Amino acid sequence: MERTRFEPFGEQLVSATDTQPRSRGSKLLLRVGAGLFWSLVAGIVLARAAFFEPGVYDGFSRVASLAKSLIF
């Protein structure tokens with residue numbers, strides 16, 4: 001008789017032999033979804049690098065220094 005295993009929160013653990021094999025369509029959908037996700041990540045990173053402006057936060061530092069001089 002096989003001993004049933006539980007995780008710390010009381011859920012029953014499923015062994016590797018109990019899982020059903022994935023269908024080919026499911027594997028394909030997983031790969032397409034992961035590919036789409038990582039291509040969006042790469043696109044966002046490249047767009048941020050292409051349109052990066054180093055002086056965009058200079059205005060905030062001026063306002064912060066003005067507020068500091070008014071307070072102190």
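Biologist: How many helices and strands does the protein have?
Modeller: The protein has 2 helices and 0 strands. Keep in mind that this is a predicted model.

Biologist: Start with α1. Where is it, and what does it reach from its first C-alpha to its last?
Modeller: Helix α1 covers residues 24-50, which is 27 residues. The reach is 38 Å from first C-alpha to last, close to the 39 Å expected at 1.5 Å a residue.

Biologist: What is the number of buried residues in α1?
Modeller: The number is 0 of 27, so α1 lies largely in the open.

Biologist: And α2, what are its residues?
Modeller: Helix α2 runs over residues 58-71. α2 has 14 residues and reaches 20 Å between its end C-alphas, close to the expected 20 Å.

Biologist: Is α2 covered or hardly covered?
Modeller: Hardly covered. Among the 14 residues of α2, the buried count is 0.

Biologist: What share of the whole protein is buried?
Modeller: Buried residues make up 0% of the 72 residues. Buried here means under 20% relative accessible area.

Biologist: How much area is exposed, then?
Modeller: About 7,500 Å². Carbon and sulfur atoms supply 64% of that area.

Biologist: Which residues make the nonpolar surface patch?
Modeller: Leu66, Leu70, Ile71 and Phe72 make a patch of about 550 Å². One of them, Leu70, is found in α2.

Biologist: Why does leucine 70 count as exposed?
Modeller: Because its relative accessibility is 67%, and exposed means over 50%.

Biologist: Switching to rings. How many aromatic pairs are there?
Modeller: The count is 1 aromatic pair. Phenylalanine 37 and tryptophan 38 form it, edge-to-face. The centres are 4.9 Å apart, with 75° between the planes.

Biologist: Why edge-to-face rather than tilted or stacked?
Modeller: Planes over 60 degrees apart count as edge-to-face, and this pair has 75°.

Biologist: What about accessibility for phenylalanine 37 and tryptophan 38?
Modeller: Phenylalanine 37 is partly exposed at 46% relative accessibility. Tryptophan 38 is exposed, with 56%.

Conventions. Residues are numbered from 1 along each chain as its sequence is written. This is a predicted model: local features need pLDDT of at least 70, side-chain atom pairs count only at pLDDT 80 or more; totals for chains, interfaces and linings use all residues. Side-chain values use heavy atoms; hydrogens and water are left out. Patches are made of residues with over 30% relative accessible area and no salt bridge: like charges are joined within 9 Å, nonpolar side chains (Val, Leu, Ile, Met, Phe, Trp, Tyr) within 5 Å. Accessible areas come from the Shrake-Rupley method with a 1.4 Å probe; for residues, only the protein chains shown count as cover. A salt bridge is a side-chain nitrogen of Lys or Arg within 4 Å of a carboxyl oxygen of Asp or Glu. Helices (H or I, at least four residues) and strands (E, at least two) are DSSP runs, numbered from the N terminus. Buried means under 20% relative accessible area, exposed over 50%, partly exposed in between (1.4 Å probe, protein chains only). Rings of Phe, Tyr and Trp (its six-membered ring) pair if their centres lie within 6.5 Å; planes under 30 degrees apart count as stacked, over 60 as edge-to-face and the rest as tilted. The expected span of a helix is 1.5 Å times one less than its number of residues.
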